[in-house]
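Hi there,

Here is the structure I said I would pass on. Have a look through it, and then read my notes underneath.

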Amino acid sequence: MNISVIGAGQMGAGIAQVFATGGHQVSLVDINQTALDRGIATIGNSLDRIVKKERITEAEKAAALANITGFTDMGAGTQEADLVIEAATENVDLKLKIFAQLASLAPAAAPLATNTSSISITRIAAATDRPDKVIGMHFMNPVPVMKLVEVIRGYATSDETTELVMNLSRELGKVPVEVNDYPGFVANRILMPMINEAITTLFEGVAGVAEIDTVMKLGMAHPMGPLQLADYIGLDTCLAILEVMKDGFGRAHFQPCPLLVNMVMAGKLGRKSGEGFYDYSGGGKELVVSGSFV
Ligand SMILES: NC(=O)c1ccc[n+]([C@@H]2O[C@H](COP(=O)([O-])OP(=O)(O)OC[C@H]3O[C@@H](n4cnc5c(N)ncnc54)[C@H](O)[C@@H]3O)[C@@H](O)[C@H]2O)c1
């Protein structure tokens, strides 16, 4: 199939990688040439690690990379799409704009999927000419490793579109789980309040970054502490998801911690900006004292 992926950030690059490795032709689109180049470089590095682990050969890596073409123009990058998967920044106005454009750019038969973490599929679908073909295809980070795909049916999503996305997910070796369209769906409705509470625990001085993460890793058998996970997801994305759930449900339960808001305003977005609760500028994970943001 020809798969167009919109957004070459951490998720878009991962999605492009798994489809390309699965033998699909991938058009990877980003408005930002630097982000596109970084996304393609990330895919190369990720495939190198998989070659080192002897899970694929050098030839398979080269074939996967040859399946990916980069574009900064969404029209050129979607004109032959059999399926579009949008993985641009988590912002409702941006997604509505992209989907309105996709309605006129992508072939009429192409389903339009979004990797949104929280935004209403029904609302995104209403911006298009084909609400029955709009669906949530929510991959987890890192995409090549994580098995789950949360498949979200909007109000008008057809059985045919749902079946296509469920089958395609299985073909990629993933496990799709179908859920209904309410803010944050299932994954982030449960995960984000925990991350927000971990940030509030830090904000209120109950414990430090390392202590909070160690309690949750060793005490609850989580592979990553919640603050490290927030850095990994991106603090801007965490904040955007909490805002969508706060607005959608009208519950204080989802009110973002002021420390999270401050860190995002300060440009401390986690791993992707080089610093969040930890400092990644040297490549490794060093603890950052976030007291200065409180
Ligand atoms: N980070 C995670 O752990 C995670 C997990 C699951 C889902 N998601 C979702 O995936 C989506 C992308 O998240 P991310 O972490 O990859 O973000 P990111 O910030 O790493 O990347 C977003 C990319 O979108 C690009 N972009 C912005 N506007 C665009 C446009 N009009 N056309 C094309 N590209 C555009 C940006 O240049 C950037 O490269 C979001 O909806 C997010 O909620 C994120």
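Below is what turned up, starting with the cores and ending with one spot on the surface.

One thing to keep in mind first: this is a predicted model.

**The cores**

The largest nonpolar core has 33 residues, and the ones that touch the most other members are I15, F19, L28, I85, M137 and F139. If you want to trace this core along the chain, at least two residues come from each of β1 (2-6), α1 (10-21), β2 (25-29), α2 (33-52), β4 (83-86), β6 (134-139), β7 and α7 (159-171). The top contributor is α1, which gives seven residues.

L28 is a good place to zoom in. Leaving aside residues up to four places away in sequence, L28 touches V5, G7, A8, G12, A16, L36, I40, I43, I68, T69, G70 and F71.

There is also a second core, separate from that one, with 26 residues; I195, I241, M245 and L269 are among them. As general background, nonpolar side chains in soluble globular proteins tend to be buried together.

**The cysteines**

How many disulfides are there? The count comes to zero. Take C238: the nearest cysteine sulfur belongs to C257 and is 12 Å away, so C238 is in no disulfide, given that the two sulfurs would have to be within 2.5 Å. Looked at from the other side, C257 is in no disulfide either, and its nearest cysteine sulfur is that of C238, 12 Å away. Are these two buried or exposed? C238 counts as buried, at 1% relative accessibility, and C257 is buried too, with a relative accessible area of 3%.

**T237**

Next comes T237, which sits in helix α11 (residues 235-249). T237 has a relative accessible area of 17%, and it counts as buried because the cut-off is under 20%. Which residues does T237 touch, once those up to four places away in sequence are set aside? They are E90, S117 and K272.

**A patch on the surface**

Finally, have a look at the outside. L148, V175 and V177 form a nonpolar patch on the surface, and together they have about 210 Å² of accessible area. L148 lies in strand β7 (residues 148-153). With a relative accessible area of 31%, L148 is partly exposed, because that value falls between the 20% and 50% cut-offs. As noted above, β7 also supplies at least two residues of the largest core.

Cheers

Note on methods
Residues numbered from 1 in each chain as written. Predicted model: local features only at pLDDT ≥ 70, side-chain atom pairs only at ≥ 80, totals over all residues. Heavy atoms only, no water. Helix = DSSP H or I, 4+ residues; strand = E, 2+ residues; numbered from the N terminus. Buried < 20%, exposed > 50% of the residue type's maximum accessible area, 1.4 Å probe, protein only. Contact = heavy atoms within 4.5 Å. Patch = residues over 30% accessible without salt bridge, like charges linked within 9 Å, V, L, I, M, F, W, Y side chains within 5 Å. Areas by Shrake-Rupley, 256 points an atom, 1.4 Å probe, with all protein chains shown as cover. Salt bridge = Lys/Arg side-chain N within 4 Å of Asp/Glu carboxyl O. Core = buried A, V, L, I, M, F, W, Y, C linked by side-chain atoms within 4.5 Å.
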